[in-house]
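Colleague: I would like to go through this model with you, one question at a time. Shall we start once it is on the screen?

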Amino acid sequence: MTITKRARASAARLNFGGPLSWLFFLLMVVFILGPLAWLGIRAFAESWTFPNLGPDGWTLRWWSVVLSDETLGRAVQNSLALAALTVLVSACICLPAAYAFARYEFWGRRTFLIGLFALNAFPKMGLYVTIASLFYAFNLMSTVLGVLIVHVLGTVVFMTWIPAAAFAAVPQRLEEAARDAGASKLRVFLSVTLPLALPGILVAVVMSFLASFDEAQGTYLIGAPDIMTMPTEMYTLVLNYPNQVAAVFSILLAIPSVALLLAAHKHIVGGTLAEGFQIK
Amino acid sequence: MTLAPARGAKRRATATAAVARRPLGFFLALPPIVLILLFVGFPIVLAFAFSIGLTGGLNHVIASIGLNVHEAENWWGTPAAYLEVLSSPRILRDLVTTVVVTALSTTVVIFLALGIGLFLKLRDGRMARLLSGLAIIPLFIPVVIASWAIVTFYSGDGFLRSIFAQFGVEAPVWAFTLVAVVIGSVWTSLPFAVLMITSGLQAIPNAMIEAARDAGAGFMRIVVSILVPMAFVPILIAITFTAIGVVGSFTVPYFTGPNAPNMLGVSMSNYFSAFNQPQQAVVMAFIVFLIASGIAATYVWANFRSAKDQGKI
C-alpha cells in the first residue's frame with residue numbers, strides 16, 4: 001500500500017518515524033521475543049546464576065533427557081496424531097457447511113451462524129467442566145473419542161467461518177462462465193471454486209491444527225492421565241523436571257507451529273484470517 | 001463475515017431464483033450445528049439444571065461424586081448454589097479480579113493493535129511491516145509455552161530483574177502476580193487484534209485521508225474522525241474476541257498468576273478438581289458466561305448494524 005507524501009509528512013511530524021517509534025519498536029521486540037528467547041536459551045544451558053545475563057555453561061544434556069524419555073515421546077506422537085485426525089474430521093464436518101453458508105440462503109442460516117459464535121462465548125474451562133459431566137454419563141472420559149470431540153469443538157469456528165468467507169469471495173461470474181462453457185457442477189467446483197478458495201481453507205487448516213496442538217485444558221480434564229499430549233505433559237513437566245527440560249520441550253512443541261507459520265504466513269498476514277471474522 | 005454471503009444470496013434469490021432456498025444448503029450446514037448442539041448446547045442445558053439443584057437423570061453421576069451439592073426439593077430448582085457462590089468473599093474477589101484483568105488487558109491490546117495498525121497505514125515501511133509481523137508471532141506459540149516463558153522472563157531470577165541488577169536496581173518480581181496475568185493475556189491476544197484492526201484500517205481508501213488533509217485536518221483529527229470510525233466494526237470485533245478470550249482464560253492465569261485472588265477460570269478448575277465441588281464450579285462457569293454473552297451481544301449488534309448500513313446503500 002502506498003501512501004501520500006502529505007500523510008507521511010504528517011506522520012513524521014508526530015515523530016512516527018523518529019526515536020519514539022524506535023523505542024516503541026524495541027520495547028515490542030523485547031516484549032514479544034524476549035520471553036521466548038529467555039526460555040529458549042535455557043534448553044542449552046548448564047546452569048544459570050542470577051543476575052548473569054547468560055548461563056554458566058552450555059550443554060545438550062537436556063535434549064537427550066527429553067528424547068530418551070518414553071512418556072514424553074508418546075506425548076509427541078499423541079499430539080501429532082490427534083491434531084491430524086482433528087483437522088481431518090473437522091474439515092469433513094465443517095467445509096460443506098462453510099460452502100453452504102457462503103452460497104445458499106436457507107432457513108435458520110443466521111441463527112446457525114450466531115450459534116457457532118455462541119460456542120466461542122462460553123468460557124472454555126466452564127464448557128469442559130460441563131462436557132466432562134456429560135462424558136461421565138456416556139463413558140467417554142479418558143477415551144480417544146472423548147478427547148477428539150473436545151479438539152474438534154475447538155476448531156469448528158475456524159473451519160466454518162474462514163472457508164465460508166473464502167467461498168463467498170469467489171466471483172460467481174467465473175462459476176457461471178465455466179457453466180456456460182459446458183462444465184458440470186462438480187467440475188466447476190473442483191476447477192474454479194475450490195482452487196480460488198484454497199488459501200482460506202489452508203488458513204483454516206493451519207489454525208485448526210494449531211488449535212488442536214495447543215489444546216491443553218480440555219485434554220487434561222477429559223484425557224489425563226491416560227491420554228497425554230504435549231501441552232498436557234507441560235503441566236506436569238514444569239513441576240517435576242528442571243527448568244531446562246521444560247525449555248527443550250517448549251522448543252519441540254513450537255516446531256510444528258513455526259513450520260506452519262512459514263507455510264501459511266502470506267495468507268494469514270494477507271488478511272484471509274481477518275476476512276473470516278468480518279462483515280464487508 | 002456473517003452477513004456478506006447472506007446479502008449476496010438474497011440478491012441472487014430475487015434475480016435468478018436458481019440456487020436459493022433449496023434444502024441442500026440447510027443439510028450441508030447441519031453437521032457442525034448438530035455437533036455443537038450435542039456437545040455444547042446439551043451439556044450447557046444439563047449443567048444449568050445441575051447448577052439450580054436438579055440432580056436427577058444424567059446429572060446423577062456428577063451429583064453423587066461431588067461434595068457440597070445443593071439439591072432442589074421441587075422441579076423448578078433452587079438458587080442455593082448461586083447464593084453460596086455469590087456470598088463467598090473469596091469468589092467475589094476472583095470475580096472482581098477477572099473483570100479488572102479483562103478490562104485492562106483488552107484496553108492495552110486494542111491500543112497496541114491500533115498503534116501498529118496506524119503505523120502500517122500512515123507510514124508504510126520496513127519497520128512498520130516488521131512490527132506487524134512481530135505482533136503475529138504469539139499466534140503460533142502454544143499458550144502453555146507462552147505462559148511458561150513469561151513466568152521465566154519476569155520471575156525473581158528472570159530477565160527483567162537480571163537487567164536491572166546490572167545497574168544495581170531492584171526490579172519488582174512480576175511472576176505469579178496479576179501483572180503477569182495481564183502481560184500474558186496481552187501477549188497471547190495481540191495477534192488476533194492486530195490482524196483484525198490492521199486489515200480494517202488497510203481497507204480504508206487513502207483518497208479519504210488525502211481529502212481530509214486537503215480540508216486542513218490534522219493527524220489526530222484524521223485518526224479520530226476518519227480512520228477509527230471507518231474501521232469501527234473490525235475494531236469492535238477485535239475488542240469482543242479479545243475480551244471473551246481473556247474473561248474465560250485458564251492457562252495464562254493458571255501458570256502466571258497468584259494462588260489467590262486469581263481469575264475465575266482457575267478457581268473454576270480448582271473447585272471442580274481439587275475441591276471436588278462441581279456445582280460451585282458450574283455456577284462460576286455461568287457467571288463468566290453471563291459476562292461473555294454481554295460482550296458477545298455487542299458483536300452481534302455490530303454485525304446487524306453494519307448489515308443494515310450496507311443494505312441501505
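Modeller: Buried means under 20% relative accessible area, exposed over 50%, and partly exposed in between. Keep in mind that this is a predicted model.

Colleague: Is B:Glu170 buried or exposed?

Modeller: The relative accessible area of B:Glu170 is 66%. The cut-off for exposed is over 50%. B:Glu170 is therefore exposed.

Colleague: B:Glu170 and B:Arg161 meet in a salt bridge through their side chains. Is B:Arg161 buried or exposed?

Modeller: B:Arg161 has a relative accessible area of 13%. Buried means under 20%, so B:Arg161 counts as buried.

Colleague: How many salt bridges does the whole structure have over all chains, and how many cross the interface of chain A and chain B?

Modeller: The search of the whole structure finds three over all chains. One of the salt bridges joins A:Glu46 and A:Arg61, with the closest N and O atoms 3.2 Å apart. Across the interface of chain A and chain B the count is zero.

Colleague: How many residues apart in sequence are the parts that A:Arg103 and A:Glu175 tie together?

Modeller: The side chains of A:Arg103 and A:Glu175 meet in a salt bridge, 3.2 Å from N to O. A:Arg103 lies in helix α4 of chain A and A:Glu175 in helix α8 of chain A, so the pair ties together parts whose separation in sequence is 72 residues.

Colleague: What area do chain A and chain B bury between them?

Modeller: The contact takes 109 residues from chain A and 117 residues from chain B. Carbon and sulfur atoms carry 78% of the buried area, which is about 10,700 Å².

Definitions and conventions:
Residues are numbered from 1 along each chain as its sequence is written. Chains are lettered from A and ligands numbered from 1 in the order in which they are written. This is a predicted model: local features need pLDDT of at least 70, side-chain atom pairs count only at pLDDT 80 or more; totals for chains, interfaces and linings use all residues. Side-chain values use heavy atoms; hydrogens and water are left out. Contact means heavy atoms within 4.5 Å. Buried area is the accessible area (1.4 Å probe) that two parts lose on being put together, summed over both. A salt bridge is a side-chain nitrogen of Lys or Arg within 4 Å of a carboxyl oxygen of Asp or Glu. Helices (H or I, at least four residues) and strands (E, at least two) are DSSP runs, numbered from the N terminus. Buried means under 20% relative accessible area, exposed over 50%, partly exposed in between (1.4 Å probe, protein chains only).
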